[in-house]
Amino acid sequence: MEQDDNPIAYTSHGEITMDQIGGMQPGLARLMAEISERYWILYYAAKADNWKMASLQSSEIKKAFRIGEITRPKYVDHLEAFINGPMAKMDEAIAHQDWVKFEKSHSVGIRAANAYHVSWNHEEIVWQLPDEPPKHLKL
């Protein structure tokens, strides 16, 4: 049997090549929309002593970063630094339900994220914590 050089995935709407599937994978711009919202929820969950929700948001943020490491490997060093720096400190604070340490590490994370944006020539991206918790979740 001859090996197919152009693997195909089948959907109910037709065939898709592996190259097409690869092209559909999210870059950091698409992932950052999710990460930004989760970072916002993370803060207000911790502030409301909803540590379980804070832990969930932290976990999901890291999962999104890991996808970004695969789809955009040039950012691996900065993503790993963020995961092992501010995110790790937030995880420690979440585990101990320590609001003071959490708030400090979350703030450090914001400054680090904005510094990464500048280092990648995206100084136009300046993340800031919204003044209010998200309305669509009960925290």
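These legends accompany several views of a predicted model, going from the whole chain to single residues.

**View 1. The whole protein, with 5 helices and 2 strands.**
Let us begin with the full chain, which follows the pattern β-β-α-α-α-α-α along the sequence. The protein is more spread out than a compact globule, because its radius of gyration is 18 Å, well over the 14 Å that the globule rule gives for 139 residues. Along the principal axes, the C-alpha atoms fill a box of roughly 65 × 35 × 25 Å. Among contacts with a separation of 6 or more, 61% join residues 24 or more positions apart.

**View 2. The surface and charges of the protein.**
The accessible surface comes to about 9200 Å², and carbon and sulfur atoms account for 55% of that area. Of the 139 residues, 32% count as buried. Turning to charge, the protein has 15 positive and 20 negative charges, and the mean positions of these two sets are 10 Å apart.

**View 3. Helix H4, bent at methionine 87.**
Here we move in on H4, which covers residues 76-95 and bends by about 40°. Met87, the residue at the bend, is also one of the buried residues of the helix. The others in that buried set are Leu79, Phe82, Ile83, Pro86, Met90, Ala93 and Ile94. A helix has 3.6 residues a turn, so residues three or four places apart point the same way. Which helices do the buried residues of H4 pack against? Their partners are H2 (28-47), H3 (51-71) and H5 (99-119). After H4 comes glutamine 97, with a positive phi near 50°.

**View 4. Aspartate 49, in the loop between H2 and H3.**
This close-up is for readers who enjoy backbone angles. Most residues other than glycine have a negative phi. Aspartate 49 is not a glycine, yet its phi is positive, at about 60°. Is aspartate 49 buried or exposed? The residue counts as exposed because its relative accessibility is 56%, and the cut-off for exposed is over 50%.

**View 5. Asparagine 121, in the segment after H5.**
A further positive phi appears here: asparagine 121, although not a glycine, has a value of about 60°. With a relative accessibility of 61%, asparagine 121 counts as exposed.

**View 6. Alanine 64 of helix H3 and its contacts.**
From the exposed residues we turn to the interior. Alanine 64 has a relative accessibility of 2%, so it counts as buried, the cut-off being under 20%. Which residues does alanine 64 contact, leaving aside its neighbours within four places in sequence? They are Leu31, Glu34 and Ile35. For scale, alanine 64 and lysine 101 are 37 residues apart in sequence, with 24 Å between their C-alpha atoms.

**View 7. Leucine 31 of helix H2, seen with its partners.**
The last view takes up one of the contacts of alanine 64, namely Leu31. Leucine 31 counts as buried, with a relative accessibility of 5%. Not counting residues up to four places away in sequence, leucine 31 touches Pro26, Ala64, Ile67 and Gly68. How far apart in space are leucine 31 and phenylalanine 65, C-alpha to C-alpha? The distance is 7.8 Å, although leucine 31 and phenylalanine 65 are 34 residues apart in sequence.

Definitions and conventions: Residues numbered from 1 in each chain as written. Predicted model: local features only at pLDDT ≥ 70, side-chain atom pairs only at ≥ 80, totals over all residues. Heavy atoms only, no water. Helix = DSSP H or I, 4+ residues; strand = E, 2+ residues; numbered from the N terminus. Rg over C-alpha atoms; globule rule 2.2 N^0.38 Å. Buried < 20%, exposed > 50% of the residue type's maximum accessible area, 1.4 Å probe, protein only. Contact = heavy atoms within 4.5 Å. Areas by Shrake-Rupley, 256 points an atom, 1.4 Å probe, with all protein chains shown as cover. Lys, Arg positive; Asp, Glu negative; His and termini not counted. Charge placed at Lys NZ, Arg CZ, Asp CG, Glu CD. Bend = angle between axes of the 7 residues up to and from the residue.
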